[in-house]
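This report describes selected local features of one protein chain. The sequence and the coordinates are shown first, and the description follows.

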Amino acid sequence: MENDFGKALRQTAELIDKELAELIPENNGPEKQLYEAMRYAALAGGKRLRAFLVIQSADLFSVPRIHSTRVAAAIELVHCYSLIHDDLPCMDDDDLRRGLPTVHKKFDEATAVLSGDALQSLAFEILSDPLTHPSPEVRVSLVSCLSHAIGLRGMVGGQTMDIYANSKDIDIQTITRLQQLKTGALISFACEAGAILGHASPPQRHALKAYTHDLGLAFQIADDILDIEGSAEEMGKATQKDTDAGKATFVSLMGLEDAKIHASMLADQAVTHLDIFGPKADLLRHAAAFTIERRI
Ligand code: GRG
């Protein structure tokens, strides 16, 4: 039986699919292949957890959905770009993503690089569009925070550490920082965006930041656990890759059982930061539990 959280997550996914299909229309011109690859990557499913976090955090401040949905679509575009590039032969070299051939397998490497690039720039185009928010200050703040989250001090920096760090030199502190940058920074932006759209007070912003800090780490530890325990069929991508490659992960450093305990502790801790919002934040509380209980 679908619970309130499951229903809200499914409805977010439906909303975002529709929004993305409109933002990336079909095109039969000379750029047809680029459009096809962008739609292929952006409309291939996915949990839409980051979009959910944007919408739910914005809902705390009664932000009109017309604004939060566009920001939620933008964050999913960035996420899809990161997955396309991460799957490339020069990075993780994966053949399967969300149960389908990766973009470079379905099309070719040039198209994968270009479609990732175009998804990223489309995200910024959306954030800077007055349709997303009438206030130029809000738009600049969204653009500035997203660029910080995904650039050298965020996702790309974390991805670089992940590719070039020698696994023997990685301890818990290093892996924590690496994952905070690689996966955590974009997840943090999701709730930061809700706070920006909602003109949150400093304590409210701080609470959401602390929540996503813990949630992002719990999400990544759960991902490491799923790499060991999940099936490729359920997850729609290859599993055991990190183990086979001898990569340092939370599981390799802490052991499976301690990693589970740590993830659970972080999810519980994430929830405590939401006290300031009362029952309005219940769906965000459920998201913390979902992060560690999910099978995909
Ligand atoms: C290539 C610049 C660049 C960055 C890539 C985030 C990232 C950095 C790579 C993603 C690779 C990966 C599998 C990371 C582990 C955590 C993660 C982001 C999992 C996928 O996110 P989900 O589970 O995916 O939210 P869905 O398909 O549900 O959207």
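## Local environments in the predicted model

Gln-179 is found in helix 9, which spans residues 172-197. The model is a predicted one. With a relative accessibility of 6%, Gln-179 falls under the 20% limit and therefore counts as buried. Leaving aside residues up to four places away in sequence, Gln-179 touches Gly-184, Gln-220 and Phe-250. A further spatial relation links Gln-179 to Gln-159: the two residues lie 20 residues apart along the chain, and their C-alpha atoms are separated by 8.6 Å.

Tyr-164 belongs to helix 8, which comprises residues 155-164. Its relative accessibility is 67%, over the 50% limit, so Tyr-164 counts as exposed. Together with Met-91 and Ile-163, Tyr-164 makes a nonpolar surface patch of about 330 Å².

The two residues are set side by side below.

| Residue | Helix | Relative accessibility | Class |
|---|---|---|---|
| Gln-179 | helix 9 (residues 172-197) | 6% | buried |
| Tyr-164 | helix 8 (residues 155-164) | 67% | exposed |

Helix 15 is considered next. This helix runs over residues 282-293 and has 12 residues. From its first C-alpha to its last, helix 15 reaches 17 Å, close to the 16 Å expected at 1.5 Å a residue. The buried residues of helix 15 are Leu-284, Arg-285, Ala-287, Ala-288, Phe-290 and Thr-291. Their cover includes helix 1 (4-23), helix 3 (49-59), helix 10 (202-229) and helix 14 (256-272).

How values were computed:
Residues numbered from 1 in each chain as written. Predicted model: local features only at pLDDT ≥ 70, side-chain atom pairs only at ≥ 80, totals over all residues. Heavy atoms only, no water. Patch = residues over 30% accessible without salt bridge, like charges linked within 9 Å, V, L, I, M, F, W, Y side chains within 5 Å. Areas by Shrake-Rupley, 256 points an atom, 1.4 Å probe, with all protein chains shown as cover. Salt bridge = Lys/Arg side-chain N within 4 Å of Asp/Glu carboxyl O. Helix = DSSP H or I, 4+ residues; strand = E, 2+ residues; numbered from the N terminus. Buried < 20%, exposed > 50% of the residue type's maximum accessible area, 1.4 Å probe, protein only. Contact = heavy atoms within 4.5 Å. Expected span 1.5 Å × (residues − 1).
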